[in-house]
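Dear colleague,

Please find below the structure that I am handing over to you. My findings follow it, arranged by chain.

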Amino acid sequence: MAEAAGRVGRSAALWQRLRARPVAAASLLVLVLLYGAMLFAEFLAPYAPTTTFRHHTHQPPTLGFHSRELGFGPQVQHRVLVDEVTRRYARIRGQHYRVRLFARGEPYRLWGLVPLRVHLFGTTAPYVDEEGATVQAASGADPWLGTGQAYPVFLLGSDHLGRDIFSRILYGSRISLTIGFIGISISLSLAIILGGLAGYYGGAVDWTIMRFAEFFILIPGLYLILFLRSILSYDWDSGQSFVVITAILSFVSWPGTARLIRGMVHSIKREDFIAAAQLQGIPALAIIVTQIVPQMASILIVSVALGIPGFILGETVLSYLGLGITDPAVSWGSMLNRNVTSLSNLRAFPWFLYPGVALVLVTLAFNFLGDLLRDIFDPYHQERARG
Amino acid sequence: MLTLDAVSKRFALKAGYFAAARRHVYAVREVSLRIAAGETYGLVGESGSGKTTTARLAVGMYRPDGGAITYRDRAGDLHEVGRSGARARRELRTRLAYVFQDPARSLNPRMRVESILLAGLRYTANWRGVEDGRSRALAALESVGLAARHLSRRPPDFSGGQRQRVAIARALMVQPETLICDEIVSALDVSIRSQILDLLQHLRRELGLTLMFISHDLAVVTYFCDRVGVMQDGRLVEEAAARELAANPRHGYTQTLYAAVPKLPAPG
């Protein structure tokens, strides 16, 4: 009965605490929104991540809400490049295009299955270049490009090739937001198995595994990542490099968690029910996984929530250094790598930092959420909060 | 038939890091006893006298530092308890079962009763698949006076007496010949205690169990057991039929133990 009451109390406590801590609630909301956006990236993004508008490179955010001609409502004003060096654009008076919801645009397949052409928003005006000619197919294979592109709307500006940064952030989140979960599940499995065995057997097994883990801890993480990345080949497609990066990051991050788990297994294994399980002849790994690990579920939940940002940042660092995700695949780190190459660059085109903003948001959100979970699950923190 | 022949067990004392030599304390010293098939053997003694260690040696949880423990099963095969071979252990597990003192600690609080009951069976030769296991779990639960609806609950949902019933059911899952009960009623209050003893009595008759019953409660042991051994400081100091021991304790320590039983004034 105590357990059932604790269970109900726990979820009730979660809601209570979410209400008491608006920052954590907002974090949860941000994460839900971002992961939702990741799922529907094709629909929400007005363009594919590789679609380029050759005459609109380095363009600042263009969405406007009022003009004399169209009145109030989302719209873009026609812009023309006037300075090739500083990439300055002039607005053409009187030429505005309405931004419509559920506009027809580039064809895509939602989740690779449902063929659709409708995007959440976009313009329907034809894409014209400086000379006034309608721009025809840049890459002939794409029928949308073949029939002429619509005039671009850049919610968060465009990059050095004239690609929409907003669309690329959405598509990039597919790598940046999933690498955390995949990475943490690999590293957590490693930590549970190795830390579990070390704590369970003790003695020589413990010594060997923990010295091995400490060896990884004492090497500065970044150099280890760079070393591992450099001994592996460079010319991979994006899928392969995604897998390799995830594996490298997991490999570097398991020892800390393994040490935590080892300590807990060490104390839990003295319980009578573990002695009972051993007496019944249940194999060690089965005891660790089915009987010991559930005892520390709360700690593991917290360490997952706090561990994910590390993976996201790790991918960013690798990609920023040019060792991670490379074109045509897109991740937040690779966007920063491509665009933020010098300080003067940043000063001139500050909207290139938007992927970084997304990154900071996600990292903070996971940290706040992790703090909340720790306050709920960790009794010591709870007592301190009350007292 | 369970035979302990001059069995000793010592534990290393926690010494300082720079201590010259390891020091040991003997928990059990040269204990010899024999429990015949179908017999109920009681082991009494004060706290720290080595009862639990003896029981754990008998079931193979500890390995003896001296002496030999053997078990002859109903089919007449002789097994050596505490031998390291995986097959030997597996064979013994279906013959000897052990019930812990405190059910609150010996049952995993996070597991449902069903998985608690099935967890061990899975790794014995008696495993015939989940369906069969489930029906056996139900049978075991019913034999200890619990019902199917209890299968999906977790130990903290039960009272102390019910928990001990679950622990007994778990021991019965492998259909053992011999049950070793380590102070299984001492963590329960008095009214529940008699229920559990009645249950054990019933199971013993029903299944023809051999029982090793450990307790520090002389009244319980005298009532419940055929023969009783008295332990003091790791040694077996006296051994006699239960009634005889109660009527005529020989050893000084046994006399002290009986004298220590509080005598209530006769009512009226």
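**The sheet of chain A**

Within β4(A), T123(A) is the bridge partner of V99(A). Please bear in mind that this is a predicted model. The two strands concerned, β3 (residues 88-110) and β4 of chain A, are antiparallel and are joined by eight bridges.

They belong to an open sheet of four strands in chain A, ordered β1-β2-β3-β4, with antiparallel pairing. The edges are taken by β1 and by β4 (114-123) of chain A; each has a single partner strand, so one side of each is left without a neighbour in the sheet. On average, and with direction ignored, neighbouring strands of this sheet are turned by 50 degrees against each other.

At the β1 edge, strand β1 (residues 63-67) of chain A runs antiparallel to β2 (residues 71-83) of chain A, and four bridges join the two. One pairing to look for is L63(A), which stands opposite V76(A) in β2(A). The connection from β1(A) to β2(A) is a hairpin through three residues.

**Chain A as a whole**

Chain A contains 16 helices and four strands. It has 387 residues, of which 36% count as buried. Of the contacts in chain A with a separation of 6 or more, 65% are between residues 24 or more positions apart.

One glycine of this chain deserves a separate note. G202(A) is found in the loop between α6 (178-201) and α7 (203-218) of chain A. Is this residue buried, exposed or partly exposed? G202(A) is partly exposed, because 14 other C-beta atoms lie within 10 Å, and the partly exposed class falls between the limits of 12 or fewer for exposed and 20 or more for buried. G202(A) is separated from V265(A) by 63 residues in sequence, while their C-alpha atoms are 10.0 Å apart in space.

**The sheet of chain B**

Chain B also has an open sheet of four strands, in the order β2-β1-β4-β5, and the pairing is antiparallel. Here β2 (24-35) and β5 (78-80) of chain B stand at the edges with a single partner strand each, so one side of each has no neighbour in the sheet. The average turn between neighbouring strands of this sheet is 30 degrees, direction ignored.

Strand β4 (residues 66-72) of chain B pairs with β5(B) over three bridges, in the antiparallel sense. Among the residues involved, T70(B) has E80(B) in β5(B) as its bridge partner.

**Helix α5 of chain B**

Helix α5 (residues 130-143) of chain B has 14 residues, and at 1.5 Å a residue it should span 20 Å; its end C-alpha atoms are 20 Å apart, which agrees. Which residues of α5(B) are buried? They are R136(B), A137(B), A140(B) and L141(B). These residues cover an arc of only 140 degrees around the axis, and therefore lie on the same side of α5(B). As background, an α-helix has 3.6 residues a turn, so residues three or four places apart point the same way.

The buried residues of α5(B) pack against α4 (113-121) and α6 (160-172) of chain B. On the face of α5(B) turned away from this buried side are the exposed residues E131(B), D132(B) and S135(B). Just after α5(B) comes G145(B), with a positive phi of about 85 degrees.

**Two positive phi values in chain B**

Most residues other than glycine have a negative phi. A6(B), a residue other than glycine, has a positive phi near 50 degrees. A6(B) is part of strand β1 (residues 2-12) of chain B, and counts as exposed because it has 12 C-beta neighbours inside 10 Å.

E183(B), also a residue other than glycine, has a positive phi near 45 degrees. E183(B) is located in the loop between β7 (178-182) and α7 (190-207) of chain B. With 20 C-beta neighbours inside 10 Å, E183(B) counts as buried.

**Where the chains meet**

Contacts between the chains involve 21 residues of chain B and 18 residues of chain A. On the side of chain B that touches chain A, α2 (86-93), α3 (103-106) and α4 of chain B each supply at least two residues. The most is given by α2(B), with three residues. By class, this side of chain B has nine nonpolar, four polar and eight charged residues.

Yours sincerely

Methods. Residues numbered from 1 in each chain as written. Chains lettered and ligands numbered in written order. Predicted model: local features only at pLDDT ≥ 70, side-chain atom pairs only at ≥ 80, totals over all residues. Expected span 1.5 Å × (residues − 1). Arc of directions from axis to C-beta. Contact = placed C-beta atoms within 7 Å. Pairing = 2+ DSSP bridges. Axes fitted to C-alpha atoms, helices over the stretch in contact; angles between N-to-C directions. Nonpolar A, V, L, I, M, F, W, Y, C, P; charged D, E, K, R; others polar.
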